[in-house]
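User: Please take a close look at a single part of this protein. I would like one connected account of how its strands pair.

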Amino acid sequence: MADDGADTLRLDKWLFHARLFKARGLAADRIEGGGVRVNGAPVRKPGRAIRPGDQITVSAHGRVIALRVLALGTRRGPAPEARELYELLGDDPSQG
């Protein structure tokens, strides 16, 4: 089933917009390496579509970050703008 994509964005692009990675390629590498989950499921494809409300868990930079997507964003803006794209959910409960 095709989606027009208006309410979704590629995972690697969103991680870049949200300033969790300094480059989109770094985000894609981390996704392919198994360091990202969407709604609890491991994701290995950088092109995975995400939408507001999705929960993303990222293991990178020596820590685990769990967050909820609030908005998709249209560009990689300054940090205050990027911070409006997500809500921090705290530490990943699976990391004991």
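Analyst: What follows centres on one strand, its two partners and the setting around them. The model is predicted.

Start with the overall layout. The protein has 3 helices and 7 strands. Read from the N terminus, the order of elements is β-α-α-β-β-β-β-β-α-β.

Now the part itself, strand β5. β5 spans residues 55–60. Its pairing with β6, residues 63–69, is antiparallel and rests on 6 bridges. One bridge can be named: valine 58 in β5 has isoleucine 65 in β6 as its partner.

The link between these two strands comes next. β5 and β6 make a hairpin, with 2 residues between them. Histidine 61 lies in that turn, and its phi is positive, about 60 degrees.

β5 also pairs with β2. Strand β2 covers residues 36–38. Here 3 bridges join the strands, and the direction is again antiparallel. Valine 38 of β2 has isoleucine 56 of β5 as its bridge partner. Thus β5 has bridges to β6 and to β2.

A general point helps when viewing such strands. In a regular strand, side chains alternate between the two faces of the sheet.

Last, the wider setting. The protein has 96 residues, and 35% of them count as buried. Among contacts with a separation of 6 or more, 41% join residues 24 or more positions apart. The exposed area of the protein is about 5,800 Å². Carbon and sulfur atoms supply 49% of that area.

Notes. Residues are numbered from 1 along each chain as its sequence is written. This is a predicted model: local features need pLDDT of at least 70, side-chain atom pairs count only at pLDDT 80 or more; totals for chains, interfaces and linings use all residues. Side-chain values use heavy atoms; hydrogens and water are left out. Two strands pair if DSSP finds at least two bridges between them. Helices (H or I, at least four residues) and strands (E, at least two) are DSSP runs, numbered from the N terminus. Buried means under 20% relative accessible area, exposed over 50%, partly exposed in between (1.4 Å probe, protein chains only). Contact means heavy atoms within 4.5 Å. Accessible areas come from the Shrake-Rupley method with a 1.4 Å probe; for residues, only the protein chains shown count as cover.
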